[in-house]
Amino acid sequence: MADQRRDSEHRPSPEALLAAAHREESRIGRLRIFVGAAPGVGKTYEMLQQAHARKKDGYDVVVGIVETHGRRETEALLEGLEIVPRQRIEYKGQWLEEMDLDAIIARRPQIVLVDELAHTNAEGSRHPKRYLDVEELMGRGVDVYTTVNIQHIESLNDVVAQITHVRVRETVPDTVFDRADAVELVDLTPDDLIQRLKEGKVYVPRQAERALEHFFSPANLTALRELALRRTAERVDEQLLTEMQARAIQGPWAAGERILVCISDDPRSAGLVRYAKRLADRLHGPWLALYVEGRRSLQLSEEERDRIADTLRLAEALGGEAITLPAVDRQIADDVIRYAQANNVTQIVIGKSARTRWFEILHGSVVHDLVRRSGNISVQVIAGDTLASQPIPKKSVRAAEPDDPVNPQPYMFALLAVALALVCAEVIRPWFGVENVDLVFLTAVVGVAVRLGLWPSLLASVVSSLCYNFFFLPPIYTFTITDPTNIAAFIFFTIVAIIVSTVAARARTQVVAATDRARGTESLYSFSRKLAGAGTLDDVLWATAYQTALMLKVRVVLLLPEHGSIAVKAGYPPEDILDDADIAAAKWAWENDRAAGRGSDTLPGAKRLFLPMHTGRGAIGVMGIDSDKPGPMLTPDQRRLLDALRDQGALAIERVKLVEDMDRVERAAETERLRSALLTSISHDLKTPLAAVLGAAGALRDLREKLSEAERLDLLGTIIDESERLNRFIANLLDMTKLESGAISPNVGLHDLGEIVGSALRRAGRILSHHKVELELAPDLPMLELDAVLFEQVLFNLLDNAAKYAPAETTIRIQSWRSGSSVCLCVLDEGGGIPSTDLDHIFDKFYRAQKTDQVRAGTGLGLAISRGFVEAMHGTIVAANRTDRSGAAFTISLPIPQARQNLEAAA
Amino acid sequence: MSAAPVRVLVVDDEPPIRKLLRMGLTAQGYQILEAPNAKTALELLKDAPDLIILDLGLPDAHGLELLQTIRARNESVPIVVLSSRGDEAGKVQALDLGADDYVTKPFGMDELLARMRAALRHQLQTHGERPVFRVGDLSVDLVRRIVKTGEREVKLSPKEYDLLRVLVQHAGKVLTHKFLLGELWDDLTDAQYLRVYVRQLRQKIEADPEQPRYVLTETGVGYRLRAPD
């Protein structure tokens with residue numbers, strides 16, 4: 001937040017630079033706001049004049065919407081500017097004209113003029129508010145010129161209402177104002193403005209004439225003018241701050257002021273939040289709104305809960321941080337102070353309590369506690385203004401009313417418990433006496449409090465004391481008490497019953513709250529555990545959709561980006577087709593990273609509500625929910641749960657995507673490794689025999705006469721041998737390529753193993769000329785399903801390998817035997833064997849054993865090819881060292897054809 | 001060899017290969033006609049070559065098509081095909097289309113000469129049959145139907161004898177599975193039967209059936225009986 005921006009070092013803080021870069025480079029349109037203190041100061045006129053100037057400079061300027069209100073000077077200025085025709089929207093039989101957002105987007109001007117930023121669009125438009133239209137235009141890279149009056153700025157709403165006693169319903173969030181790239185104040189002295197009003201140069205809607213008469217009083221106008229000047233000055237300050245940060249100018253920045261505003265279910269909290277925002281702006285400090293969820297939070301009505309949620313959201317909309325804490329201490333003030341101290345808060349803002357004295361005695365006063373214990377933190381106690389109790393207008397997603405009418409059952413049980421106590425008391429009276437039966441009633445009251453909560457137990461208390469009086473205190477069967485001792489007993493019984501029921505009910509409430517929280521935590525935990533277990537993107541998506549659907553009892557679709565747009569990737573119940581309205585809402589939610597669709601500000605006509613899913617690194621996808629319930633779908637609690645679920649789902653999706661990215665990187669690295677190995681191999685193995693051939697041929701040509709006959713034959717032999725080696729290498733490369741491209745489709749038939757061994761030996765004849773070969777083939781081997789060409793190549797490669805690693809004059813042994821339902825063929829040599837560290841890798845491409853001491857001529861491909869071919873024929877091949885002596889043993893195992901096995905089984 | 005030199009048509013688009021063949025074959029007394037492509041090859045057919053060496057990979061036509069065209073015009077001229085390893089199917093196709101034999105590139109000159117001799121001899125053989133075939137210590141008397149290894153007479157079943165007879169009649173030449181099956185069984189197409197009889201025949205006439213010296217396997221293609229030395 002802003003305190004991070006306040007970087008004490010002399011370098012631009014990253015955040016400031018980023019914000020500037022974001023504005024300048026990502027082709028987000030620039031916003032110029034013409035601010036006036038009141039209608040009629042000439043904002044539109046000024047805007048049009050500047051538009052003409054821009055147009056003269058060669059910019060593509062169009063008018064999106066400009067209200068001239070019949071002013072001739074303004075109308076004259078419209079001439080020469082292209083006007084995008086307005087769209088007509090039918091609403092309740094009336095035709096309303098609105099700015100045609102899509103037409104402007106299609107027209108793609110450089111600058112568009114949009115008058116009256118605070119305007120509320122007709123129902124049926126894409127956005128309910130014009131400033132949302134403006135944001136979309138900016139998002140599409142169009143610069144926007146717009147006008148606004150100072151009383152429409154959200155945080156000034158209360159102040160203006162206080163001054164003028166006219167509350168403006170159409171407001172623009174401060175963030176829009178603060179985000180503007182340029183704010184221009186169009187100023188006119190109050191006297192001049194009143195003069196213009198008199199001359200009829202200011203448009204006044206007829207129905208508001210009387211209100212406006214009061215509005216345009218010199219006092220009001222002066223106050224509004226001051227507000228406008230101050231607000232613009234603050235903005236200039238902010239701009240300066242940004243500038244200073246970006247250029248690392250060490251400035252006289254406020255020393256870490258940090259404001260915390262305490263909010264409650266009190267309707268005036270919204271006013272407090274706005275006050276805190278202005279205070280924070282003046283102090284250039286960050287601010288946060290804190291709500292402590294105490295005991296009383298559980299007894300709040302849904303309306304009150306909504307108000308708290310709205311207030312928190314207002315704080316966020318105004319640029320503050322919204323925080324909700326569960327109460328830890330008995331005193332809420334202690335929680336607030338602890339949080340404030342932990343977060344370097346310098347000022348606490350709290351509303352002046354409107355509680356009765358009695359309430360404060362019972363519950364204590366947070367304000368008093370706060371002031372008493374705040375230590376070096378300043379506490380500002382603000383008197384609420386009744387005007388501020390207007391409902392907060394903006395709500396991004398409307399919530400459902402939970403269907404929870406007063407349940408009479410607990411009260412019935414409470415009465416039942418008292419009745420039971422009465423019976424018990426009557427039974428035991430003969431033995432214990434009147435003084436002790438009150439304990440029976442107390443037991444009932446405590447039981448009710450623990451099981452059923454506060455109100456039923458209070459009922460039980462009252463009824464119990466009445467019963468006690470009626471049935472037991474003389475004169476019995478009347479409500480009168482004669483004995484003063486009994487009067488005291490009755491009074492104390494009543495007090496004890498009420499205190500006990502309150503305390504017990506409070507304990508119960510805490511238990512219930514703890515249980516609820518534990519259940520919430522547990523379900524979230526199980527959800528995250530399920531997500532953690534999901535390995536593939538599909539699993540994660542499915543788990544997210546399923547869990548969300550299950551926990552909130554809604555239908556869920558998940559959309560992820562695909563080919564520059566977004567597409568449905570999962571749903572519960574499965575769904576992959578959205579209608580056009582839903583697709584539009586989903587796209588809008590994705591592109592603007594805000595909620596859209598049913599119950600939201602944007603495209604509320606869609607069937608589903610679409611919410612963006614994001615992580616710290618940005619938006620990841622969109623979740624769409626809908627249910628058969630008419631009206632808003634989620635209670636505030638459910639909405640909070642949905643936020644948590646969405647966040648966890650987004651994190652899991654991101655995790656899977658990151659893993660996939662890592663896999664891709666790893667595969668790329670592996671490919672890279674192979675490529676370099678291939679290059680090394682080719683440069684060595686291809687060039688070595690070539691060099692030998694060239695050298696020998698050159699020698700033969702140049703030194704022909706000086707060479708003896710034997711030497712000549714030797715050179716010729718070299719040429720032939722090396723050429724054959726080269727040929728084998730190329731053949732291997734080709735085989736490998738075929739294997740990797742999947743072009744190997746074995747041409748299997750029934751073959752005699754011995755026959756293939758024979759032809760392989762014949763082909764390897766020259767390579768094996770320095771070795772002895774011994775064959776040990778079992779006589780009764782069945783024919784096997786093989787591709788003779790591939791299998792011959794496998795054997796050839798193994799023989800080639802043996803000849804390479806086993807010293808000359810040693811024996812290469814080929815053994816074959818039957819082993820259960822397969823036939824094994826083993827090639828054994830008498831070389832040094834395979835180092836144990838190499839056994840796992842020996843079939844890898846370009847892998848060569850004994851790398852360190854000497855590099856054998858070979859490609860490192862032969863064994864890889866052998867394995868590929870054997871596996872293509874459904875066999876296996878393993879490498880091992882001989883147990884009887886040193887040397888390697890390669891064993892191929894091939895299944896005996898099923899037909900043959902059946903035949904044997906039958907025989 | 002007769003007095004008139006044997007004329008060999010070499011069809012190959014690679015100049016180094018043509019040069020190698022020209023030098024090698026001329027030194028052996030053959031007369032060479034060279035064709036770098038199918039078009040020239042067809043033109044040179046009118047010079048009535050005694051043997052054709054045909055590369056299957058030509059720039060202007062597929063070698064197999066050219067082979068068919070040549071066979072359509074002149075059915076008796078022996079054709080030895082040059083092909084690459086791994087293209088067993090191409091070899092079998094070429095043989096089935098009427099090629100007499102094949103040599104796998106890269107090849108040794110001795111190997112090519114042996115194949116050429118076998119192809120030419122087979123052509124001559126059809127004119128004058130020789131009564132007793134000998135290779136190594138194997139002798140086959142086609143008239144009296146007597147097979148001997150050294151001095152020992154070998155008892156063969158009728159099918160084994162038929163197999164050996166076909167091989168002898170085309171000694172030195174590769175015979176595809178299809179050809180042999182057609183000669184011996186008419187209606188059978190499964191090479192598996194053939195392999196069984198080859199194994200039995202080898203056990204009777206070879207000293208080491210696993211490393212045969214007479215009945216040689218051309219993996220993926222067929223069998224060849226070693227030509228007389």
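Let me begin with the hairpin of β7(B) and β8(B): four residues lie between its strands, and R145(B) among its residues adopts a positive phi near 60°. Helices (H or I, at least four residues) and strands (E, at least two) are DSSP runs, numbered from the N terminus. I should state at once that this is a predicted model, in which local features need pLDDT of at least 70 and side-chain atom pairs count only at pLDDT 80 or more, while totals for chains, interfaces and linings use all residues. Residues are numbered from 1 along each chain as its sequence is written, chains are lettered from A and ligands numbered from 1 in the order in which they are written, and side-chain values use heavy atoms, with hydrogens and water left out.

Two strands pair if DSSP finds at least two bridges between them. Strand β7 (residues 138–141) of chain B and β8(B) are antiparallel, with four bridges, and S139(B) faces K148(B) of β8(B).

Strand β8 (residues 146–149) of chain B has alternating side chains: V147(B) and T149(B) point to one face and are buried, whereas I146(B) and K148(B) point to the other and are not. Buried means under 20% relative accessible area, exposed over 50%, and partly exposed in between, with a 1.4 Å probe and protein chains only.

On to the next hairpin. Between β8(B) and β9(B) there are two residues, and G150(B) in the turn has a positive phi of about 65°. Three bridges join β8(B) to strand β9 (residues 152–154) of chain B in the antiparallel sense; V147(B) stands opposite V154(B).

How are these strands ordered in the sheet? The order is β6-β7-β8-β9 in chain B, an open sheet of four strands with antiparallel pairing. Its edge strands, β6 (132–135) and β9 of chain B, each pair on one side only. Neighbouring strands are turned by 25° against each other on average, direction ignored; axes are lines fitted to C-alpha atoms, for helices over the stretch in contact, and angles run from 0 to 180 degrees between N-to-C directions.

Which helix packs on this sheet and touches β6, β7 and β8 of chain B? That is helix α6 (residues 158–169) of chain B, whose direction makes about 100° with that of β7(B). Contact here means heavy atoms within 4.5 Å. Helix α8 (residues 191–205) of chain B lies across β7, β8 and β9 of chain B, at about 165° to β9(B).

Finally, strand β4 (residues 79–84) of chain B has five of its six residues buried.
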